[in-house]
Amino acid sequence: MSGQAERVMELRKLAGDRRQNPLSKIFALTSGKGGTGKTFLSLNLAYSLAAAGSRVLVIDLDSNLSNSNIMLNVIAAKTIYGFYTEQKLLSDLITEYEPNIHFIFGDSGRLNYPSPKSGLISKMFSQLRNLEDSYDFIFLDTGAGAGEDILSILLKADGNIIVTLPEPTAVMDSYVMLKLLSGNRYCGKKYIVVNKCFEVEDGKATFDNLTMAADHFLKDKPAYLGEVSFDKSVIKSIVSQELFLKGYSGTPVAAQIERIAGRLYEFNHVANILQPQASSAL
Ligand SMILES: Nc1ncnc2c1ncn2[C@@H]1O[C@H](COP(=O)(O)OP(=O)(O)O)[C@@H](O)[C@H]1O
Ligand SMILES: [Mg+2]
């Protein structure tokens, strides 16, 4: 059998196993430090996964500082604010961006913006669990920081994608996020992406530094999804409000994002298969 045919059979088997064990769909993007590229990556990872056939929902949970609709040049007619204040269902707040990419946009600059307490976040997750059959990935693009509301979201997600930078301050903040997750006995997957690397090697070196500390002090081993280079074209794409993978497809940075999306997809399937069936009851 050719290598290609074996690969197709393997993926079919993975898809079959996944249906029996529908875990790990809800991923929070977090960082501790602001401006690491969570929103940029959530949009572009969603686009890359959708281009490969996955159905993706992205929810902008950066409280009152929403950016995703601006980055996409979309006017958000309905937002998560309706869920927070008017008891609207999340399913009624979805905007279809493309057939395979849906959004629940956030809000910006409201004077009376609520700070979602844990009861509301539990309600959000029970509605998200009802949406799981409609999506392969649900990305929760969170704001910076480690406040009570953000932590409560991270602890309920199936996986956390920590977006860090080669700068020691960002690495320290990522370590703090890992410590908070471990300290709260978080059992979901933990992934690391290193963004804005000046040299490609900075990514793995940053990951190694972070995981050496995490392994030693927290007995924790997050998995490496990959690195994204610092590139002016990312800033240009944001200034022109054009999704990076649409405007800059075929570039080295686009290839890095696609590789990260591919690894997330594969890790996710492997994680699902290795999860005991009993733990799928959420
Ligand atoms: N790989 C990159 N290269 C250059 N600039 C980047 C890169 N990733 C993100 N940026 C810049 O960083 C800014 C913050 O990104 P954003 O996704 O809004 O961060 P966060 O959501 O973590 O606050 C963006 O406006 C963009 O200008
Ligand atoms: Mg953001």
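A salt bridge here is a side-chain nitrogen of Lys or Arg within 4 Å of a carboxyl oxygen of Asp or Glu. The model behind these views is predicted, so local features need pLDDT of at least 70, side-chain atom pairs count only at pLDDT 80 or more, and totals for chains, interfaces and linings use all residues. Residues are numbered from 1 along each chain as its sequence is written, chains are lettered from A and ligands numbered from 1 in the order in which they are written, and side-chain values use heavy atoms, with hydrogens and water left out.

**View 1. E98 and K246 meet in a salt bridge.** The closest N and O atoms of this pair sit 2.9 Å apart. E98 belongs to strand β3 and K246 to helix α10 (residues 244-247), so the pair ties together parts that are 148 residues apart in sequence. Helices (H or I, at least four residues) and strands (E, at least two) are DSSP runs, numbered from the N terminus. Both ends are partly exposed: E98 at 25% relative accessibility and K246 at 38%. For reference, buried means under 20% relative accessible area, exposed over 50%, and partly exposed in between (1.4 Å probe, protein chains only).

**View 2. More salt bridges, including R129 with D158.** A search of the whole structure turns up 9 salt bridges. R129 and D158 come to 3.0 Å, N to O. R129 is in helix α5 (residues 118-131) and D158 in the loop between α6 (148-156) and β6, 29 residues apart. D158 is buried, at 11% relative accessibility. Over in helix α8 (residues 201-218), D208 and K204 also pair up, with their closest N and O atoms 3.0 Å apart. These two are 4 residues apart in the helix, about one helical turn. D208 is partly exposed at 32%, and so is K204 at 40%. Salt bridges with shared partners also join R129, E132 and D158 into one network.

**View 3. An open sheet of 8 strands.** Read across, the order is β3-β4-β2-β5-β1-β6-β7-β8, and the pairing is mixed. Two strands pair if DSSP finds at least two bridges between them. At the edges stand β3 (95-98) and β8 (223-229), each with a single partner strand, so one side of each has no neighbour in the sheet. From one strand to the next, the twist averages 25 degrees. Helix α7 (residues 168-183) packs on the sheet, where it touches β1 (26-30), β6 (159-164) and β7 (189-197), and its direction makes about 165 degrees with that of β6. The axes are lines fitted to C-alpha atoms, for helices over the stretch in contact, with angles from 0 to 180 degrees between N-to-C directions.

**View 4. Strand β2 and its two partners, β5 and β4.** On one side, β2 (residues 56-61) pairs with β5 (residues 137-142) in the parallel sense over 6 bridges. I59 has L140 as its bridge partner in β5, while D60 stands opposite D141. With β4 (residues 101-104), β2 shares 4 bridges, again parallel, and V58 is partnered by F103. In a regular strand the side chains alternate between the two faces of the sheet. Here V56, V58 and D60 point one way and L57, I59 and L61 the other, and all are buried. With 6 of its 6 residues buried, β2 is largely enclosed by the rest of the structure.

**View 5. Two separate nonpolar cores.** A nonpolar core is a set of buried Ala, Val, Leu, Ile, Met, Phe, Trp, Tyr and Cys residues joined through side-chain atoms within 4.5 Å. The largest has 41 residues, and I59, I80, L128 and L140 have the most contacts inside it. Leaving aside neighbours within four places in sequence, L128 is in contact (heavy atoms within 4.5 Å) with I26, I59, L90, I138 and L140. The second core has 36 residues, among them F27, A46, V58 and I257.

**View 6. Y265 in helix α11 (residues 252-274).** Y265 is partly exposed, at 31% relative accessibility. Apart from neighbours within four places in sequence, Y265 is in contact with L49, S54 and F137. Y265 and S54 are 211 residues apart in sequence but 9.2 Å apart in space, C-alpha to C-alpha.
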